[in-house]
Amino acid sequence: VDVGTYRLAGGGRLEIAYKGPAGARFELREGAFCEDPSGCVPSGTEIGGAPFGDRIGTLIATDDGGYAIVVDRGQPVSWMAIDHGLDEATFREFCAALQIVAA
């Protein structure tokens with residue numbers, strides 16, 4: 001884990017980033033992390049649907065050469081993963097493998 005924050009107030013929010021070899025980075029943002037109607041998604045080109053755990057999100061090829069998947073963009077509660085330094089197939093596998101954890 002490189003950085004992370006969590007809170008329950010205001011709808012709940014989780015933001016966490018994992019750092020890997022050669023500068024690779026995998027970020028997760030879940031819950032009420034964005035109040036902007038744009039969904040706070042990195043700029044880029046939408047290239048189709050992709051799994052985010054048990055949900056289907058929009059896959060974006062970001063302008064900086066990475067990828068993002070966003071579910072329920074611009075909603076009060078949404079989900080997003082962002083990659084830096086991973087290839088598309090690995091990023092898709094990481095996002096598809098996400099699991100719901102319940103207390």
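This report describes the pockets, nonpolar cores and selected residues of a predicted model.

## Basis

The model is predicted, so local features need pLDDT of at least 70 and side-chain atom pairs count only at pLDDT 80 or more, while totals for chains, interfaces and linings use all residues. Residues are numbered from 1 along each chain as its sequence is written, and side-chain values use heavy atoms, with hydrogens and water left out.

Helices (H or I, at least four residues) and strands (E, at least two) are DSSP runs, numbered from the N terminus.

## Pockets

The largest pocket holds about 320 Å³ of space. A pocket is an open set of points on a 1 Å grid over the protein atoms alone, where a 1.4 Å probe fits, with protein on both sides within 12 Å along at least five of seven lines; lining residues have an atom within 4 Å of a point. Volume is the space filled by probe spheres set on the points, which are joined across faces, edges and corners. The lining of the largest pocket consists of L14, L28, E30, F52, G53, D54, R55, W79, L98, Q99, I100 and V101. Seven of these residues are nonpolar, two polar and three charged. In this classification Ala, Val, Leu, Ile, Met, Phe, Trp, Tyr, Cys and Pro count as nonpolar, Asp, Glu, Lys and Arg as charged, and the others, Gly among them, as polar.

The second largest pocket has a volume of about 170 Å³. Its lining is made up of Y6, L8, G11, G12, R13, L14, E30, G31, V77 and W79. Strands β2 (13-19) and β3 (25-31) each supply at least two residues of this lining. By class, five residues are nonpolar, three polar and two charged.

## Nonpolar cores

The largest nonpolar core contains 15 residues, and F26, F52, I69, A81 and F91 have the most contacts inside it. Such a core is a set of buried Ala, Val, Leu, Ile, Met, Phe, Trp, Tyr and Cys residues joined through side-chain atoms within 4.5 Å. Two or more residues of this core come from each of β3, β4 (44-52), β6 (67-71), β7 (78-84) and α1 (88-96). Strand β6 gives the largest share, three residues.

F52 also appears in the lining of the largest pocket. Not counting residues up to four places away in sequence, F52 touches L28, E30, I69, V71, W79, M80, A81, C95 and L98; contact means heavy atoms within 4.5 Å. A second, separate core has eight residues, including F33, I60, V70 and M80.

## Strand β3: E27 and L28

E27 lies in strand β3 and counts as buried at 11% relative accessibility. The cut-offs are under 20% relative accessible area for buried, over 50% for exposed and partly exposed in between (1.4 Å probe, protein chains only). The side chains of E27 and H84 are joined by a polar contact of 3.2 Å. A polar contact is a pair of N or O atoms within 3.5 Å; within protein, one must be able to donate a hydrogen and the other to accept it, and residues adjacent in sequence count only if both atoms are side-chain atoms. Beyond four places in sequence, E27 is in contact with I16, A17, M80, A81, I82 and H84.

L28 is also in strand β3 and is buried, with a relative accessible area of 7%. Its contacts beyond four places in sequence are L14, E15, I16, Y18, F52, M80, A81 and L98. The C-alpha atoms of L28 and D2 are 12 Å apart, with the two positions 26 residues apart along the chain counted as their separation.

## T62 and A68

T62 belongs to strand β5 (residues 55-62) and is buried at 7% relative accessibility. Its side chain makes a polar contact of 2.5 Å with the side chain of D64. Leaving aside neighbours within four places in sequence, T62 contacts P42, S43, G44, Y67 and A68.

A68 sits in strand β6 and is buried, with a relative accessible area of 0%. With the same neighbours within four places left out, A68 contacts P42, T58, L59, I60, T62, A81, I82 and F91. A68 and F26 are 42 residues apart in sequence and 9.7 Å apart from C-alpha to C-alpha.

## Positive phi in loops

A22, in the loop between β2 and β3, is not a glycine but has a positive phi of about 60°. A22 is exposed, at 89% relative accessibility.

C40 lies in the loop between β3 and β4. Its phi is near 60°, a positive value in a residue other than glycine. C40 is partly exposed, with a relative accessible area of 33%.
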